[in-house]
Amino acid sequence: MSALLDSFAAAFETLAARDAAGLGESRRNALDGALHDGLPGPRSEAWKYTSLRALERRSFVAAPPGPSVDADALAVVLEAIPAPRMVFVDGRFDDASSLLDGLPEGLEVLPLSRVLREGTPRDANVLQRRYAGADHVFAVANAALAEEGVVIRADRDTATTLHLVFVASATAGDAGVHLRHLVDLRNDASLALVEHHLALGEDRGLANHVGHVHLGQRARLTHVRLQDAAAAASLFARTDAVLARDADYRRTDLELGAALSRHELNVRLEGDGAKLQADGVLLADGRRHVDTRLGIEHIARDTTCTLGWRGIAGQRGRAVFHGGIVIRAGADGSEATLSNKNLLLSATAEIDTQPVLEIHADEVKAAHGATVGQLDANALFYLRSRGLPEPEARALLTGAFCREVVARIEDATTRELCEAALERALARLGA
């Protein structure tokens, strides 16, 4: 067995909340499943472009309890993020840094640790979802080891932007944190949600997030995820969403940090007229490896998904993208569009893209496409002929390639935060 899985087993034995809310048996079964199935290897189609050989030789310990970072340094990181906000430091809820006063009526926001401590098995059933096989080993490990996260429930239009901030620090060492999240919007409810994955110091730990999104009829969720983890960190995230009739899910993912990152976004359009718009930017610089895998299922009639993703790889970075869309039998009237455009900035960088479209219904509109190329030589020549030095011209074109994704973010404050993070990331590429 690998050192990574050995460390998961050791962490389970010290997990204070493993039996909370009557979950002891299901947690033990999840751990046993992860140890039995092992890690996915190169023969796994879902992992063929993302090797875990280096990671499997590492061990991660549980983050230490209590405050682990300097309060003043943390305040500097958080000063640009407005209320309401919920802050987690090294995988633990930080009540002192969170600002949750004055939440609107109809919006409930709780740390998972409180649900486990005070709730019933039904309240904590988000941890009992089963996964099988090595392809899902991080989700299975999360079910065994998660003791923190956020539970959000809304039953009306909240007109609120809630910020979730996950800060990893160097003081935690090689810590492994596992967080589980639930976003449950009832019929006609709405919410804007922003996730910030940030670093305080040179974090080398592993973060493993699993999120569940349930949107009731006519519910609307605007969801922005800004991943700007430390350069040596490893981050795995999975989002599973289910949309009821006429629900609207609008999402933007910016993958800008971590040495190794992988995000799986799975969305089931189960209600007639459900809509998904998911856009993203993947940026691989240095020796970074960034992997995004989409799995969208059209199950009901007249459903719509629009997916627009941009990838940039420079130096020795590698970006991996899989965009899978399945239109099931009976999902007539569905519309599906996938566009994945990628930019290679060096001969040593690599981009792997797999657009996949399966149609099992009649009377649908569907299109998908992917491109990998370099900066337009004519555009570069034009800018240089107008007096711009080559580095500035390349930076201008590279920035324009991905900024249109950020420009579609509706909330001005969120858009400005994302633009600033993107500018810092592009600067690492010399763009």
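**View A. The lining of the second largest pocket divides into eleven nonpolar, six polar and five charged residues.** Here nonpolar means Ala, Val, Leu, Ile, Met, Phe, Trp, Tyr, Cys and Pro, charged means Asp, Glu, Lys and Arg, and polar means the others, Gly among them. This is a predicted model, in which local features need pLDDT of at least 70 and side-chain atom pairs count only at pLDDT 80 or more, while totals for chains, interfaces and linings use all residues. Residues are numbered from 1 along each chain as its sequence is written, and side-chain values use heavy atoms, without hydrogens and water. The second largest pocket holds about 390 Å³ of space. It has 22 lining residues, and Leu15, Ala62, Arg92, Leu145 and Glu147 are the ones nearest its centre. Two or more lining residues come from each of α1, α4 (112-118) and β6. Helices (H or I, at least four residues) and strands (E, at least two) are DSSP runs, numbered from the N terminus. A pocket is an open set of points on a 1 Å grid over the protein atoms alone, with protein on both sides within 12 Å along at least five of seven lines; a cavity is a set where a 1.4 Å probe fits but cannot get out, and lining residues have an atom within 4 Å of a point. Points are joined across faces, edges and corners, and volume is the space filled by probe spheres set on them.

**View B. The largest pocket has a volume of about 450 Å³.** Its lining counts 17 residues, and those closest to the centre are Ser51, Ala54, Ala259, Arg287 and His289. Sorted by class, this lining contains six nonpolar, five polar and six charged residues.

**View C. Helix α1 (residues 3-13) and its buried residues.** Look here for Leu4, Leu5, Ser7, Phe8, Ala9, Ala11 and Phe12, the buried residues of the helix; buried means under 20% relative accessible area with a 1.4 Å probe, protein chains only. These α1 residues pack against two helices, α2 (24-37) and α5 (137-145), and against two strands, β6 (176-185) and β8 (206-215). Helix α1 also appears in View A, as a contributor to the lining of the second largest pocket.

**View D. Ten strands form an open sheet with mixed pairing.** Across the sheet, the order is β2-β1-β5-β7-β9-β11-β13-β15-β17-β19. Because the edge strands β2 (92-93) and β19 (365-373) have a single partner strand each, one side of each is left without a neighbour in the sheet. Two strands pair if DSSP finds at least two bridges between them; β15 (residues 304-313) and β17 (residues 335-344) have ten, in the parallel sense. Within this pair, threonine 306 faces threonine 337 of β17. Helix α3 (residues 71-78) lies across β1 (85-89), β5 (157-169) and β7 (190-200), at about 135 degrees to β7. Such angles run from 0 to 180 degrees between N-to-C directions of axes fitted to C-alpha atoms, for helices over the stretch in contact, where contact means heavy atoms within 4.5 Å.

**View E. A second open sheet has nine strands, again with mixed pairing.** Its order is β3-β4-β6-β8-β10-β12-β14-β16-β18. At the edges stand β3 (107-111) and β18 (350-359), each pairing on one side only. On average, neighbouring strands here are turned by 5 degrees against each other, direction ignored. Strands β12 (residues 260-269) and β14 (residues 289-298) run parallel and are joined by ten bridges; arginine 262 stands opposite aspartate 291 in β14. Helix α5 crosses β6, β8 and β10, at about 90 degrees to β6.

**View F. Valine 290 sits in strand β14.** With a relative accessible area of 0%, valine 290 is buried. Beyond its neighbours within four places in sequence, valine 290 is in contact with Glu255, Ser261, Leu282, Leu283, Ala284, Arg318, Ala319 and Val320. Isoleucine 351 is 61 residues away along the chain, with 9.7 Å between its C-alpha atom and that of valine 290.

**View G. The whole structure contains four cavities of 30 Å³ or more.** The largest cavity has a volume of about 210 Å³ and 21 lining residues, with Val167, Ala168, Val177, Asp203 and Ala207 nearest its centre. At least two lining residues come from each of β5, β6, β7, β8 and β10 (234-243). By class, this lining has 14 nonpolar, five polar and two charged residues. The second largest cavity holds about 170 Å³; among its 20 lining residues, His181, Glu195, Gly211, His223 and Thr239 are closest to the centre. Strands β6, β7, β8, β9 (220-227) and β10 give two or more residues each to its lining, and β8 gives the most, with five. That lining has eight nonpolar, eight polar and four charged residues.

Terms used:
Buried means under 20% relative accessible area, exposed over 50%, partly exposed in between (1.4 Å probe, protein chains only).
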